[in-house]
Amino acid sequence: MALNNLREVGDIRAVRFMLQDRITAVQAKIAEAAHKAGRQPEEITLVAVTKTWPPEVLLAAYAAGLRHFGENRTNELTEKRPFLEAQLGAEAGITWHAIGTLQSRQADGVADCADVFHALDRLKIAQKLAGRLAVNGRSLPVFLEVNVSGEASKAGFACMQWETDSQQKKGLLTAVQAMSQLPGLRLQGLMTMAPWEATEKEIRQVFRRTRLLVEWLRTELPHVPLHQLSMGMTDDFPLAIEEGATHVRVGRALFGVRTP
Ligand SMILES: *Cc1c(COP(=O)(O)O)cnc(C)c1O
């Protein structure tokens, strides 16, 4: 059942019970994929992607046990966070993830409101974030977004041929080095998106190459703690976990299809 008609469903309790079944199913898949790869399910953070859903759905998701919420638009983040804090208190234990790429004018909202940022795709945004973080005294864990698949529609540092292209390697290395020196930003690792129309084999390859890329960065820059991989969505999160994802960003498998 799609969740679009929350108001018809009636109340938060009904939505919560629907969500509980879906959360259980997603968590079972996470555990299965982790065990397949010889990993522990606890190593993986489920980021529930709540974009487009009204804040009441987030309240239901909270009641159902979810604690990590992901938004790809800054204005949704800056509206929903205060709403939930007004209802649940600021100490409700929610971690807010900004998962979409930013225009520079949106950097302030993310620096003020996000607890984690997954889609840092250029130095200019990093500088903007750092400037604002210095003003408000916050620090922000960030993932660098990398475009490993080479799809033109994808944001992120160009890494489609990183294994053989020394320019791509150098470009990423220089950016990571510069970002690691910006106060307030705490580099966590890499984020990537699978290609849209691709076979399972191709998708797996993109995730694997992203893991190898973060491993290479660690050997080049041992002083920068890059240990996390944000990859995998509704259609491919088990594959991503088998290939090393530490954060999966899942929307539709939990909340149903989004209608604009
Ligand atoms: C929407 C979105 C997701 C979740 O997608 P689903 O297919 O609904 O799981 C993950 N990451 C980003 C960056 C998104 O914009």
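How do the residues of the shell around the ligand divide into nonpolar, polar and charged? In this predicted model, the shell comprises five nonpolar, three polar and four charged residues.

**Figure 1. Residues surrounding the ligand in the predicted model.** The ligand sits in the largest pocket. The residues around the ligand are Val49, Lys51, Asn72, Ile99, Met193, Met233, Thr234, Arg249, Val250, Gly251, Arg252 and Arg258.

**Figure 2. Polar atoms of Arg249, Gly251 and Arg258 beside the ligand.** A nitrogen atom of the ligand lies 2.9 Å from a polar side-chain atom of Arg249. For Gly251, the partner is a backbone N or O atom, placed 2.8 Å from an oxygen atom of the ligand. Arg258 contributes a side-chain N or O atom, located 2.8 Å from an oxygen atom of the ligand. Of the 390 Å² of accessible area that the ligand has on its own, the protein covers 93%.

**Figure 3. Helix H3 and the residue Gly65 that follows the helix.** Helix H3 spans residues 55-63, and its buried residues are Val57, Leu58, Leu59, Ala60, Ala61 and Tyr62. Just after H3, the backbone of Gly65 adopts a positive phi of about 115°.

**Figure 4. Phe17 of helix H2 and Ala61 of helix H3.** Phe17 belongs to helix H2, which covers residues 12-36. Phe17 is classed as partly exposed because its relative accessibility is 44%, a value between the limits of 20% and 50%. Ala61, by contrast, is among the buried residues of H3. Although Phe17 and Ala61 are 44 residues apart along the chain, their C-alpha atoms are separated by 9.4 Å.

Notes: Residues numbered from 1 in each chain as written. Predicted model: local features only at pLDDT ≥ 70, side-chain atom pairs only at ≥ 80, totals over all residues. Heavy atoms only, no water. Buried < 20%, exposed > 50% of the residue type's maximum accessible area, 1.4 Å probe, protein only. Helix = DSSP H or I, 4+ residues; strand = E, 2+ residues; numbered from the N terminus. Near = heavy atom within 4 Å. Polar contact = N/O pair within 3.5 Å; in protein donor to acceptor, adjacent residues only side chain to side chain. Areas by Shrake-Rupley, 256 points an atom, 1.4 Å probe, with all protein chains shown as cover. 1 Å grid on protein atoms, 1.4 Å probe; cavity = no way out; pocket = protein on both sides within 12 Å on 5 of 7 lines; lining within 4 Å. Sits in = over half its atoms within 2 Å of the grid points. Nonpolar A, V, L, I, M, F, W, Y, C, P; charged D, E, K, R; others polar.
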